[in-house]
Amino acid sequence: MLARRMRGSVWRNPGACRTLSYAGGQVPPTTQNVINGQFRESTADRWIDVHNPATNQVVTRVPHSTSDEMNEAVASAKEAFKTWSKTTPLYRQQIMFRYQQLIKDNLKDVAKLITIEQGKTHPDAEGDVMRGLQVVEHLCGNMNLLLGEHLPGISKDMDLTSYRVPLGVCAGIAPFNFPAMIPLWMFPTGVICGNTYVMKPSERDPTACMALVELFKEAGCPDGVVNVIHGQHDCVNFICDHPDIRAISFVGGDAAGRHIYNRGSNNGKRVQSNMGAKNHGVIMPDANKEYTINQLIGAAFGAAGQRCMALTTAVVVGEAKEWIPEVAEKAAKLVVSAGHEAKADLGPVISPESKERILRLIQSAVDQGADLLLDGRNVQVPDYPNGNFVGPTIIGNMNTDMDAYKQEIFGPVLCCLYVDTLDEAIALVNRNKYGNGTAIFTTNGATARKFTSEIDVGQIGVNVPIPVPLPVMSFTGSRGSFLGDSHFYGKQGLHFYTQTKTVTSLWREGDSTDSNKATAMPVQR
């Protein structure tokens, strides 16, 4: 086996990798902690059952990691930081090169884990991994991404240099809806900058993240650089309070996001917190009708609506209102089934409690005077009678005072509001507290330009229903959808995980001395 010694650690040729523990989509009966490079069974006395949402059968159990286990994970990361922070960008880049290839090689297996635990269709699960992989691929360019600045001769014999250095131990708290993509936004970005990491996957679907951490170890990540702990409130509060954790990344709901931001910030930590959303799609009557209807259906009902960038609210302008019955007709043909079924267009929602909440919000809209144009509440999936299934649902004639408009439903529900003009549509979107994403469908460039200029939302699509930026940019949700200063991935992500040092140096010309001449070709190491 090809091996190379790198600062005391050995890496394997990825083409000669061992069989990984989750190969073939295997879910272990219990989920382990990862501490100092070791996958360890927890000694916890409290456990959380993880269910397959298509059957509600238990597939694994997740520990409430003990206080000792969590402290040991942070201590391991703190110790590893002493050496990891001193590794060269070239060394970290080589690990990331191997890591991105290993993710590609094992993508289908990781996607299977997502389908089992989270419920999304297998093609959608593969997309979950792919969007995270794109972040890792972008991080392979760290040599350019981490460049500092230099201004020579600001005064006689004086130079000014500014460069970015790692923070220390960082932590990530991931949501259930993207169990691969969001962790890949977090720990790879942190460690490429020279930090070490403590990761808390969602307790509802942890195995994909565990597989990705195992792949990172296989790529050559030294022990202690990435650690994994598990749990719920106690684990989150531990991360917010531990004095050795310098920064926290969070993606999830509003209440948790505000709590983590406030508690972490009060303890002197950097926090980036992506929270809730209510993403509006403005449908102009001059839009390409067929394209718009298809995109609206995919963006509203894909992943059973469990995306923070799902296009959940259609703001229909003028005559475009006449298209909504056709939207309902096409959406009614979508196949609801278990995510591993090839025929499935959308799978179950994550839990019985989530389903109950979705049904309650649909009924509240009806009670408050909305029109139920497509009712998916009683969808039947014969082979999976115990699953958490909700069919595509379309609610028409809504207004902004209805509970189903004001709250993030997080299910396969499209809310339709009708306005007469573009100005009314812009005003409606801007009055909403959230600012994660929005889109406009039009064939008029002037209309699109007015919309993008006047809308107060962080991510805007023009004929693009889910405008999640590629990693060359950053994920820039705003207003009620985000707390913090620097956003996820891209340049802002790297800034979040580093701090700036500025050095002003004076070397007097008169102090210079001759030195021995070297004629060998210089080699960077």
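Here are some questions and answers about a predicted model of one protein chain.

Reader: Let's begin with the whole chain. How many helices and strands does the chain have?
Author: Good place to start! Buried residues make up 55% of the 525 residues in the chain. As for the secondary structure, the count comes to 16 helices and 24 strands.

Reader: What radius of gyration does the chain have, and what would a compact globule have?
Author: The C-alpha trace spans about 85 × 55 × 45 Å along its principal axes. For 525 residues, a compact globule would have a radius of gyration near 24 Å. The chain agrees with that, because its own value is 25 Å.

Reader: Now to the aromatic rings. How many aromatic pairs does a search of the whole structure find?
Author: Each pair is described by the distance of the centres and the angle of the planes. Searching the whole structure gives a total of twelve.

Reader: Why is the pair of Trp 185 and Phe 475 called tilted?
Author: Planes under 30 degrees apart would count as stacked and planes over 60 as edge-to-face, with the rest called tilted. The ring centres of Trp 185 and Phe 475 are 5.0 Å apart. Their planes stand at 45°, so the pair is tilted.

Reader: Where in the chain do Trp 185 and Phe 475 lie, and how many residues apart are they?
Author: Trp 185 is in helix α6, which covers residues 181-192. Phe 475 is in the loop between β21 (460-462) and β22 (478-479). Both Trp 185 and Phe 475 are buried. The pair links distant parts of the chain, with a separation of 290 residues.

Reader: Trp 185 and Tyr 489 have rings that pair too. Which kind of pair is it, and why?
Author: The centres of these two rings lie 5.0 Å apart. Planes over 60 degrees apart count as edge-to-face. The planes of Trp 185 and Tyr 489 are at 70°, so this pair is edge-to-face.

Reader: Which parts of the chain does the pair of Trp 185 and Tyr 489 tie together?
Author: Tyr 489 is buried, as is Trp 185. The two residues are 304 apart in sequence, so their pair ties together separate parts of the chain. Those parts are helix α6, with Trp 185, and the loop between β23 (482-483) and α16 (490-496), with Tyr 489.

Reader: Which residues do ring pairs link into a cluster with Trp 185?
Author: We have already met two of its members, Phe 475 and Tyr 489. With Trp 185, the cluster includes Phe 475, Tyr 489 and Phe 488.

Reader: What sits over the ring of Phe 178?
Author: Here a ring has a charge over it. The distance from the ring centre of Phe 178 is 4.1 Å. What sits there is the charged end of Lys 120.

Reader: Let's look at empty space. Which helix gives the largest share of the lining of the largest cavity?
Author: The search finds four cavities of 30 Å³ or more, and the largest holds about 70 Å³ of space. Among the residues that line it are Val 213, Phe 216 and Lys 217. By class, its lining has seven nonpolar, two polar and two charged residues. The largest share, three residues, comes from helix α7 (residues 207-218).

Reader: How many charged residues are in the lining of the second largest cavity?
Author: This cavity has a volume of about 40 Å³, and α10 gives the most to its lining, with three residues. Its lining includes Ile 283, Thr 292 and Trp 323. The classes are eight nonpolar, one polar and, for charged residues, no members.

Reader: Which residues are closest to the centre of the largest pocket?
Author: About 1300 Å³ of space lies in this pocket. Its lining has 20 nonpolar, 16 polar and nine charged residues. Of the 45 lining residues, the closest to the centre are Phe 176, Ser 202, Glu 203, Arg 204 and Gly 253.

Reader: Which element gives the most to the lining of the second largest pocket?
Author: That pocket has a volume of about 280 Å³, and 15 residues line it. At least two lining residues each come from α2 (89-105), α5 (142-145) and β8 (158-166). With four residues, the element that gives the most is β8.

Note on methods
Residues numbered from 1 in each chain as written. Predicted model: local features only at pLDDT ≥ 70, side-chain atom pairs only at ≥ 80, totals over all residues. Heavy atoms only, no water. Phe/Tyr/Trp six-rings, centres within 6.5 Å; stacked < 30°, edge-to-face > 60°. Buried < 20%, exposed > 50% of the residue type's maximum accessible area, 1.4 Å probe, protein only. Lys NZ or Arg CZ within 6 Å of the ring centre and 35° of its normal. 1 Å grid on protein atoms, 1.4 Å probe; cavity = no way out; pocket = protein on both sides within 12 Å on 5 of 7 lines; lining within 4 Å. Points joined across faces, edges and corners; volume = space filled by probe spheres on them. Nonpolar A, V, L, I, M, F, W, Y, C, P; charged D, E, K, R; others polar. Rg over C-alpha atoms; globule rule 2.2 N^0.38 Å.
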